[in-house]
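The exercises below are meant to be worked with the sequence and the 3D view side by side. Try each task before reading its solution.

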Amino acid sequence: MTLLTGWESLRELSAMQDRMNRANRLFREPYSPEGPAEALTTTALAPPVDIYEDEHNIILKIEVPGIDEKDIDVSVQNNTLTVHGERKIEKEEKEENFRRVERQYGSFTRSFTLPGSVDPGEVSADYNKGVLKIKLAKKAEAKPKQIKVNVGGEKVLEAKAPSKAA
């Protein structure tokens, strides 16, 4: 489960973990006991996510190219955002003819703990050009407010230029 708060400090660790997972997968796939066809569909799919925020929303952009929108599920429950999807291998291509397979296939689930500033009832998701964009609206009390500072009844005096006496 990934926390939305403090995610920047874990970015490098997450990237390193992803590289290690890919290296591990490349090492073990040719020796999969299920055979090469099964190794094509059993890799761990973890689409990359960018998270950023503005004064009104927290936005997640998840790369899910090649996945039909009907195969993506977004839900919020118990202060947790969960994104589940599946990239299916194309059946018209014969798996034994592949020379190299780097695209990942199979199911994935990504979960994110929502900060208290998010309104769980105000979540929207759009899918365009292989990117799933999820907007999490902030609660009204969490949005920054500009407060005008009044001077306590004192009259502000304007400075005048001194007159020239001859």
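**Exercise 1. In which order do the elements of the protein chain run from the N terminus on, and how many helices and strands does the protein chain have?**

Solution. Begin at the N terminus and follow the chain, which gives the order β-α-α-β-β-β-β-β-β-β. Counting by type then yields 2 helices and 8 strands. Bear in mind throughout that this is a predicted model.

**Exercise 2. State how confident the prediction is, and find a stretch where pLDDT stays under 50.**

Solution. The average pLDDT of the protein chain is 75, and 63% of the residues score at least 70. Next, look at residues 31-43, over which pLDDT stays under 50; for this stretch the model has 15 contacts beyond four places in sequence.

**Exercise 3. Describe the burial, the surface and the contacts of the protein chain as a whole.**

Solution. Of the 166 residues in the protein chain, 27% are buried. The area that the chain exposes is about 12,700 Å², and carbon and sulfur atoms supply 50% of it. Turning to contacts between residues at least 6 apart in sequence, 58% of them join residues at least 24 apart.

**Exercise 4. In what order do the 4 strands of the open sheet stand, and which strands stand at the edges?**

Solution. The order is β2-β3-β8-β7, and the pairing is antiparallel. Strands β2 (49-53) and β7 stand at the edges; each has a single partner strand, so one side of each is left without a neighbour in the sheet. From one strand to the next, the twist averages 15°. As background, strands of a sheet pair through backbone hydrogen bonds, either parallel or antiparallel.

**Exercise 5. Compare how β2 pairs with β3 and how β7 pairs with β8, and say how many residues lie between the strands of each hairpin.**

Solution. Take β2 and β3 to begin with: strand β3 covers residues 57-63, and the two strands pair in the antiparallel sense over 5 bridges. Within this pair, Y52 stands opposite I59 in β3, and the hairpin that β2 and β3 form has 3 residues between the strands.

Now take β7 and β8, which pair in the antiparallel sense over 7 bridges. Here V123 stands opposite L136 in β8, and the hairpin has 2 residues between its strands.

**Exercise 6. Examine K129 and N78: where is each placed, and is each buried or exposed?**

Solution. K129 lies in the loop between β7 and β8, and its phi is positive, about 55°, although K129 is not a glycine. Because its relative accessibility is 79%, K129 counts as exposed.

N78 lies in the loop between β4 (72-77) and β5. The phi of N78 is near 50°, again a positive value in a residue other than glycine. With a relative accessibility of 69%, N78 likewise counts as exposed.

**Exercise 7. Is T80 buried or exposed, and what distance separates its C-alpha atom from that of L114?**

Solution. Locate T80 in strand β5. Its relative accessible area is 14%, and T80 is therefore buried, since buried means under 20%. Although T80 and L114 are 34 residues apart along the chain, their C-alpha atoms are separated by 5.6 Å.

**Exercise 8. Place S124 in its strand, judge its exposure, and list its contacts beyond four places in sequence.**

Solution. S124 is found in strand β7, which covers residues 118-128. With a relative accessible area of 33%, S124 is partly exposed, because this class lies between the 20% limit for buried and the 50% limit for exposed. If neighbours within four places in sequence are left aside, S124 is in contact with K133, I134 and K135. The C-alpha atoms of S124 and V74 are separated by 9.2 Å, while the two residues are 50 residues apart along the chain.

**Exercise 9. Which residues of the largest nonpolar core touch the most other members, and which elements give two or more residues to this core?**

Solution. The core has 18 residues, and those that touch the most other members are L60, I134 and L136. The elements giving two or more residues to this core are β2, β3, β5 (80-87), β6 (106-113) and β8 (131-138). Two of these residues have appeared already: I134 is one of the contacts of S124, and L136 stands opposite V123.

Definitions and conventions: Residues are numbered from 1 along each chain as its sequence is written. This is a predicted model: local features need pLDDT of at least 70, side-chain atom pairs count only at pLDDT 80 or more; totals for chains, interfaces and linings use all residues. Side-chain values use heavy atoms; hydrogens and water are left out. Buried means under 20% relative accessible area, exposed over 50%, partly exposed in between (1.4 Å probe, protein chains only). Contact means heavy atoms within 4.5 Å. Two strands pair if DSSP finds at least two bridges between them. Axes are lines fitted to C-alpha atoms, for helices over the stretch in contact, and angles run from 0 to 180 degrees between N-to-C directions. Accessible areas come from the Shrake-Rupley method with a 1.4 Å probe; for residues, only the protein chains shown count as cover. pLDDT is the predictor's confidence in each residue, from 0 to 100. A nonpolar core is a set of buried Ala, Val, Leu, Ile, Met, Phe, Trp, Tyr and Cys residues joined through side-chain atoms within 4.5 Å.
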